[in-house]
Amino acid sequence: MDMKTRAIEAELKQLPDGGAFLNRELSLLEFNRRVLAQAEDPSIPLLERLRFLCIVCSNLDEFFEVRVASLLAQYQFEHPRDHAHGGLPDHLAATLERASAECRHLIARQYSLFNNEIAPQLSEHGIHLLRRSDRNAAQRAWVKQFFDREVRPLLTPIGLDPAHPFPRVINKSLNFIVELAGKDAFGRGTGIAIMKAPRVLPRVIRLPDELSDKKGASYCLLSSVIQAHMADLFTGREVVSYSQFRVTRNSDLWVDEEEVKNLRQALQSELHSRNYGFAVRLEVARACPEHLSAFLLDQFSIDRSRLFTVDGPVNLGRLLEVVNTNNQPELKFPPFVAGYPPKLAAPDIFATLRKGDVLLHHPYETFQPVIDFIQSAANDPCVVAIKQTIYRAGMNSELMEALIGAARRGKEVTVIVELMARFDEEANINWAEKLEQAGAQVVYGVVGLKTHAKMALVLRREPSGLRRYAHLGTGNYNPTTAKFYTDFGLLTADAGLTADVNEVFIHLTSMTRPKQLTSIWLAPFSLQKELVRAIRNEAELARAGKAGRIIAKMNSLTDESVIKALYDASQAGVRIDLIVRGACSLRPGVKDLSDNIKVRSIVGRFLEHTRVFYFRNNLQHDIWLSSADWMNRNLFRRVEIAFPVHSPALKRRVMREGLHPYLKDNVDAWELASDGRYRRRKARGNQKTLSAQQTLMDMLGDAHRPAKENEHGTDPVAPR
């Protein structure tokens with residue numbers, strides 16, 4: 001071991017975890033700290049702060065459903081005998097312990113913020129979230145009538161005994177545990193009852209306007225309504241104590257794709273089982289007695305470290321209904337109207353593309369040109385075929401309807417629908433069925449790999465012969481999320497690029513190895529190799545005395561092979577800036593290892609989703625847009641593409657819009673330190689404040705066109 005390596009290891013030992021790679025799970029929780037900071041920011045409109053609070057709740061749900069569950073499931077699979085005898089290996093137990101501690105801290109901040117700041121401030125603006133003690137006589141009377149009329153008939157308390165076993169509890173559903181005294185109707189002392197809150201009932205109930213302030217609105221939670229009338233449900237028994245509770249379960253679907261004959265049918269039957277995967281987290285109210293929470297932990301076989309007591313409703317995410325149903329504009333972000341690219345104002349989109357590529361930047365520019373592209377192809381008698389990949393289309397989609405219409409008109413329509421897109425499986429199955437009924441050719445990608453690439457190809461018969469047109473993107477073909485996810489899209493008629501797109505479609509439908517691609521990097525074949533090659537090329541240039549420069553923007557960076565190449569490039573003198581929204585396993589700023597690497601994260605009004613990779617390459621200024629993050633799953637276990645931007649003008653635009661503003665941001669930017677923590681970047685002294693997102697809204701938005709309903713682009717989602 002040389003002296004340099006010893007020095008690096010000595011410095012790493014001084015840092016938390018002590019390794020060259022940051023823990024992925026803890027990095028994900030750091031991302032949620034940054035989202036929670038948005039909810040804590042008093043400069044953000046109040047209802048938007050509540051929205052961010054709800055997003056944290058949704059993100060933590062997914063963290064347990066997916067990340068924690070996958071760690072436990074992997075260990076169970078690899079060590080069934082050890083697991084059967086209880087206990088986890090030290091490294092896994094330590095990771096889960098630290099993750100639980102971080103979650104506990106986040107959740108405490110969440111509820112403190114809600115109870116002490118957001119809820120009181122909402123009340124000051126006439127939005128009242130009424131607890132039992134807050135309701136006046138008229139409100140209590142209305143709630144009682146609502147309970148008797150709408151709630152009580154649907155409730156089914158289960159008194160536990162050998163004939164009434166503990167009921168199956170659905171993932172993330174609202175439930176109650178009730179401790180009873182006295183004898184039941186048969187003279188027995190059954191002491192515990194379990195009651196599910198019916199899923200058909202709203203979790204947030206708005207009281208009639210006449211029971212609220214003139215300009216305000218009053219709400220109560222279903223849990224509060226049920227708890228206020230708990231005694232009415234157990235006639236002749238004394239309710240000693242009770243608590244609401246919620247169980248989070250493993251939500252990964254598993255289908256043996258090698259064995260099933262029809263993936264869609266197998267997945268349809270598997271979807272129901274998602275509600276009953278093994279339990280990974282239990283949430284109870286703060287007042288829940290210890291013996292009741294212990295009883296629940298035992299019933300669900302959950303370790304005590306994953307028990308969370310909360311000071312309020314067990315699912316704050318339900319309060320999103322309050323955000324969505326309130327129309328006080330001063331409490332929300334100002335409406336934003338996306339711009340429409342002037343180049344596409346001409347009626348013939350194909351004629352425009354023959355003149356040159358068109359770059360789209362969502363949500364600052366509208367997603368409508370992508371819809372127009374597919375609709376024009378569907379209606380154009382000269383178009384003979386349309387091919388498209390679908391990952392998350394959403395429940396309602398003009399794009400999907402256009403593809404269905406094209407198939408009904410007799411065009412050759414091929415759609416590669418990824419059925420295993422987590423939490424979108426049902427919607428994708430429904431679209432697949434509708435497309436097949438219309439006559440489209442539907443395939444489900446490649447067994448064992450998720451098809452995550454975003455591609456659409458149009459073949460049009462023209463006087464010179466068949467000509468190809470394509471759309472390639474970094475984000476989903478989902479018009480709804482395109483209003484609040486940042487993404488790039490490229491509309492092109494470039495012969496080389498569209499030929500590669502065609503080859504990728506042939507590869508996905510025929511399952512033959514793709515021919516040598518001249519423009520596109522394709523995972524799981526060449527994408528990782530080409531990324532590492534491009535990084536190493538910058539290192540070689542730097543060692544030769546030339547300038548080496550890498551700027552990359554993505555959602556997550558966890559692949560160790562790419563990180564090692566970045567470390568090597570840093571040691572060679574390459575200046576590297578990484579803009580990573582979520583999990584980042586690279587540890588920046590370590591002397592002699594990564595001191596030339598800076599990592600920042602942008603968390604703002606819109607969800608940062610673009611994947612942009614810039615390599616200086618001896619003044620060639622290579623720019624790639626991609627559907628892939630720098631994660632092992634994207635590079636080796638998914639079908640992904642990275643595609644080049646050829647036009648010098650469009651390269652400059654990608655740099656001007658997609659990278660440079662983010663490096664200057666001192667409003668929404670957080671910088672990653674070598675200890676794994678993020679510090680908010682702020683303007684210093686006389687430095688001008690700059691928000692990348694606001695800059696792009698001002699640059700590309702259409703300030704003169706009135707906003708339509710729901711066009712301001714702040715619909716909430718958990719980042720995926």
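Glutamine 139, at 6% relative accessibility, counts as buried, a term that applies under 20% relative accessible area, with exposed meaning over 50% and partly exposed in between (1.4 Å probe, protein chains only). The model in which this residue is described is a predicted one, in which local features need pLDDT of at least 70 and side-chain atom pairs count only at pLDDT 80 or more, while totals for chains, interfaces and linings use all residues. Residues are numbered from 1 along each chain as its sequence is written, and side-chain values use heavy atoms, with hydrogens and water left out. Glutamine 139 belongs to helix α6 (residues 137-151), where helices (H or I, at least four residues) and strands (E, at least two) are DSSP runs numbered from the N terminus. Apart from neighbours within four places in sequence, glutamine 139 has contacts with Leu130, Asp134, Leu207, Leu211 and Ser218, a contact being heavy atoms within 4.5 Å.

The chain as a whole contains 20 helices and 27 strands, and buried residues account for 58% of its 720 residues. Of the contacts between residues at least 6 apart in sequence, 74% join residues at least 24 apart. The chain exposes about 30800 Å², of which carbon and sulfur atoms supply 50%, the areas coming from the Shrake-Rupley method with a 1.4 Å probe, and for residues only the protein chains shown count as cover.

Two further buried residues lie in strands. Serine 601, in strand β21, is buried with a relative accessible area of 0%, and its C-alpha is 5.1 Å from that of tryptophan 670, although the two are 69 residues apart in sequence. When neighbours within four places in sequence are left aside, the contacts of serine 601 are Arg34, Val580, Arg581, Asp668, Ala669, Trp670 and Tyr678. Arginine 638, in strand β25 (residues 638-644), counts as buried because its relative accessibility is 8%. Its C-alpha and that of alanine 523 are 6.5 Å apart in space, with the two positions 115 residues apart in sequence; beyond residues up to four places away, arginine 638 touches Tyr391, Leu449, Lys450, His452, Ala523, Pro524 and Arg633.

Strand β21 (597-602) also helps to cover the buried residues of helix α17, as do α16 (527-543), β19 (549-554), β20 (575-580) and α18 (632-636), among others that may be included. These buried residues are Val562, Ile563, Ala565, Leu566, Tyr567, Ala569, Ser570 and Ala572. The 13 residues of α17 (residues 560-572) should span 18 Å at 1.5 Å a residue, and the end C-alpha atoms are indeed 18 Å apart, the expected span being 1.5 Å times one less than the number of residues. Helix α14 (residues 425-438), with 14 residues, reaches 20 Å from its first C-alpha to its last, close to the expected 20 Å. In α14, Glu425, Ala427, Asn428, Ile429, Trp431, Ala432, Leu435 and Ala438 are buried. Glycine 439, with a positive phi near 105°, follows α14, and glycine 573, likewise with a positive phi near 105°, follows α17.

A search of the whole structure finds 5 cavities of 30 Å³ or more, and the second largest has a volume of about 130 Å³. Among the 13 residues lining this second largest cavity, Leu174, Arg203, Val314, Asn315 and Arg318 are the closest to its centre, while α7 (222-228) and β7 (238-249) are the elements that give two or more residues to the lining. A cavity here is a set of points, on a 1 Å grid over the protein atoms alone, where a 1.4 Å probe fits but cannot get out, and lining residues have an atom within 4 Å of a point; grid points are joined across faces, edges and corners, and a volume is the space filled by probe spheres set on the points.

Terms used. On a 1 Å grid over the protein atoms alone, a cavity is a set of points where a 1.4 Å probe fits but cannot get out, and a pocket is an open set with protein on both sides within 12 Å along at least five of seven lines; lining residues have an atom within 4 Å of a point.
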